[in-house]
Amino acid sequence: MSRKPAGVRTEYIETETGNKVARKANLVGTQHIMLGGKTVIMADAMIRGDLARTAPTSSSSSSSGTAPGSNTAVFIGRYCFLSKGCCLRPRDASTRARHADDTPSAFTYMPLRLGDHVFVGESAIVQAAAIGSHVHVGKNVVIGEFAIIKDFVRVLDDTVIPANMVIPSFTVVAGQPARIVGEVPEGGHEAFELRELYRTVGNNPQPASV
Amino acid sequence: MASFTPYAYIQCPCVDSVPGSRSPDGASTPTSHSSPEDDERDFDPRSPRSNYSLYPIEYMLYCEDCHTVRCERCVTEEVVTLYCPSCLFEVGNSSVKTEGNRCTRSCFQCPICIGPLSVQSLESTPAAPEPSLLSADHATATGPAGPWILCCSYCNWNSSEIGVKFDKPQGIFAQLSKLRSGYDNHHSRYTSSGDGDTYPTKRDADGEPGSTKARFASLKSFYQTQMSNENPNSGLGSTMDYGYGSPGALSRIMSLYSGNTLSSAKPKSKPTIMREADTTKEGLFPAKLDDTSVMSGLRSAGYDGTATRAQVNVQVEEGARFATDLWPIPYVLRTKRTKRCPSCRHILSKPEAKVSNTRWRMRLIAGNYIPSITIKPLIPVGAPGGPTTHLLTPVKPVQYLLTFKNPIFETIKVTLATPAVTPGRFASKVTLLCPQFQIGANSDDYNLDEVLKDRDKDPQRKRSDTTGQQVEAGKEWDSGRNWVSVVVEVVPSSIQIEPKPTILKKLGEVDDLGPLREDEDIVEIPIFVHLEWEASADQVTGKDREDKETKEKKELAYWCALGIGRISPE
Ligand SMILES: [Zn+2]
Ligand SMILES: [Zn+2]
Ligand SMILES: [Zn+2]
Ligand SMILES: [Zn+2]
């Protein structure tokens, strides 16, 4: 596929299902990360698969591959795009216990789910419980724990979505803390499609069509 | 200022239309106003009126029956579903009428920062391991007990700061409104006794709930009785009929204005003057003229203890002055709406009714009917021979590529027109190098790779290879199966504010030497787009296109405003 001579390390690892993962991406606990295919992960993007439901110490034993789903920390759908320096971090349901005197018996990380066509902007931090399909998360956005983002949502740059917030479909949110600032227009649905963007990155990038 | 994204806005024909019902002459029908071919008229994208009619193509719908674009301002909307944006529960129409447009479950926004509030146990806030989120048995066994409070996860405000605690974690709205009316009642009584004004006895005796809702209800019933007493014939009609049109009310008003003349002429018909509400039972809410408590509050709480304008504005009830007067805000409901064409009433867009369903039953978007326009500099910023900054240099010609992409299955003939200079104080020169061209039809089996192959065949035509190709007047710059790129040349004006040379002035013209206004440094080109295509007669419905042979000539024309870039201030 690559035009580069054999032996030269390519910038991206391209998997059978069409994922393009930059070699400089920082994936921790890959056995707990599920990619739906055709997803792009750029350099310095971080996915904390190690924050799986069980205690992180036991996750190093690689027996978890037999039952995917039960122990998966991060689910990513098709045609997602994780920009440079973003971080996907499953939320830790035991954070509220941090101040407690008794240490929690087990880590209770809940899986983080991304739908299809989810764009995560540069340096964004995602700790949401779930992000739907056709969602655009801008640059430097912080999505707090337990937050739920439904389908067709545009999160503008530098937004901070507080923990527990629910963002309904077809809304545009911005601000610190986030508030709904607009509606996605009827003609704006196609802009969430990431097939085109997927083609323009990788070891053999195609020029953007008109 | 660092970057500027070029834009193309389309003007909706509703800009020069008056809604049919309100047309001043009354005779013109709503359909007679749309005359987009009227290119005699000038279009200034900067005029304040234009603000309301210019939209990006994504925001526009298209009516197939009227063959024109429609914007969000002119479409008529019908609510399909009302729902709470936080719990996503649907709210029935009847409950909206009785309960109002806010969520009546447990969804609240923080009064300080508008972040979402969640219900937490007051006891367990810092210590309990799992508040109510995991298994139910867990919750019942060791689950935290009340009292409960609302907590903000963003700014850490919680409702105990205003002394609000709940007995149970469900039905917070009802609990809160009960607390609120009790609070207001207590509050008003407390201040009135402190004021020592003329009303305390009355108010204490009445013991009316102090909420706005209750006051409104008592005012309404008071004035209704007043009116029916005054004029039994008209006042008894409907509850919304205030009886101003009745002869009794008219004579009363006449007597007020004309004074003695009327009453002396007809002494027997002198009406009894309507009394105003003067007790709290009747809904009177005396203004608190004594500000001593407010001043002492200010002294103790300081500036930080006062509520900001923004915080007061989002409160449900008015009159908050201190942070301690701010109450949790129940979420305002949102809607899913159907949109109709203003003139033919056909449905242009209709969402599925269910909140969770993001599909649309109908969605006639302009982008499927008229060509999209994208703008980019011919020579990208930073490229050899290209500009080094995103700002436009005054008096230095710069070329931009306008790419028109055809979404329909017919070839479109496009004719463009622009004024030679942009309107406004800073007139930039504009030249369209190819004002007339044809865009090929879109097709179902549209294949991106094929288009790319076409383009790669001829390296001379590659858009990035700008040095080899000369910009020729009257020629398209580049084209593909269903798109065409043309060049527009702009000579940006200087944005120095200086008097115009007298020789260039029109008679009586006065110099506008005011400071640079917002976005006045943007080169914005008004461009008139005229489209012509032949449509199969049945293309409207999209069925049996092949069967029909009859072709119909279609035309559409509209103004666009193209934002090219900002002029450097030098
Ligand atoms: Zn309109
Ligand atoms: Zn709600
Ligand atoms: Zn807050
Ligand atoms: Zn119509």
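The following dialogue reads selected features of a predicted model.

Student: Which conventions apply to this model, and which pLDDT do local features need?

Tutor: This is a predicted model, in which local features need pLDDT of at least 70 and side-chain atom pairs count only at pLDDT 80 or more, while totals for chains, interfaces and linings use all residues. Residues are numbered from 1 along each chain as its sequence is written, chains are lettered from A and ligands numbered from 1 in the order in which they are written, and side-chain values use heavy atoms, with hydrogens and water left out.

Student: What pLDDT does chain A average?

Tutor: pLDDT is the predictor's confidence in each residue, from 0 to 100. Chain A averages 83, and 79% of its residues score at least 70. Over residues 55-69 of chain A the pLDDT is below 50, and this stretch has ten contacts beyond near neighbours in sequence; contact means heavy atoms within 4.5 Å. Residues 95-105 of chain A also stay under 50, with 13 contacts beyond four places in sequence.

Student: Which residues are the protein donors of the zinc ion (ligand 4)?

Tutor: Donors are N, O and S atoms within 2.8 Å of the metal (3.2 Å for Na, K and Ca); water is not among the atoms, so sites may look incomplete. Here the SG atoms of Cys63(B), Cys66(B), Cys341(B) and Cys344(B) lie 2.2 to 2.3 Å from the zinc ion (ligand 4). Their spacing in sequence is C-x2-C-x274-C-x2-C. Cys66(B), in the loop between strand S3 (61-63) and strand S4 (68-70) of chain B, is thereby linked with Cys344(B), in the loop between strand S11 (334-340) and strand S12 (347-351) of chain B, 278 residues apart. Strands (E, at least two residues) are DSSP runs, numbered from the N terminus.

Student: Why is the arrangement around the zinc ion (ligand 4) tetrahedral?

Tutor: The ideal angle for four tetrahedral donors is 109.5 degrees. Four donors count as tetrahedral if all angles lie between 85 and 135 degrees. The donor atoms around the zinc ion (ligand 4) subtend angles of 99 to 114°, and the arrangement is therefore tetrahedral.

Student: Are Cys66(B) and Ser50(B) buried or partly exposed?

Tutor: Buried means under 20% relative accessible area, exposed over 50%, and partly exposed in between (1.4 Å probe, protein chains only). Cys66(B) is partly exposed at 26%, as is Cys344(B) at 24%. Ser50(B) is buried at 3%. Ser50(B) belongs to the loop between strand S1 (7-11) and strand S2 (54-56) of chain B, and touches Phe43(B), Asp44(B) and Pro45(B), not counting residues up to four places away in sequence.

Student: How many aromatic pairs are there over all chains?

Tutor: A pair of aromatic rings is described by the distance of the centres and the angle of the planes. Rings of Phe, Tyr and Trp (its six-membered ring) pair if their centres lie within 6.5 Å; planes under 30 degrees apart count as stacked, over 60 as edge-to-face and the rest as tilted. The count comes to twelve over all chains. Among them is the stacked pair of Phe81(A) and Phe119(A), 5.4 Å centre to centre with 10° between the planes. Phe81(A) lies in strand S8 (residues 81-82) and Phe119(A) in strand S11 (residues 118-120) of chain A, so the pair ties together parts 38 residues apart in sequence. Phe81(A) is buried at 7%, and Phe119(A) at 16%.

Student: Which residues form one aromatic cluster with Phe152(A)?

Tutor: That cluster joins Phe152(A) with Phe170(A), Phe192(A) and Trp360(B).

Technical notes:
Four donors count as tetrahedral if all angles lie between 85 and 135 degrees; four count as square planar and six as octahedral if opposite donors are over 155 degrees apart and all others between 65 and 115; anything else is irregular. Helices (H or I, at least four residues) and strands (E, at least two) are DSSP runs, numbered from the N terminus.
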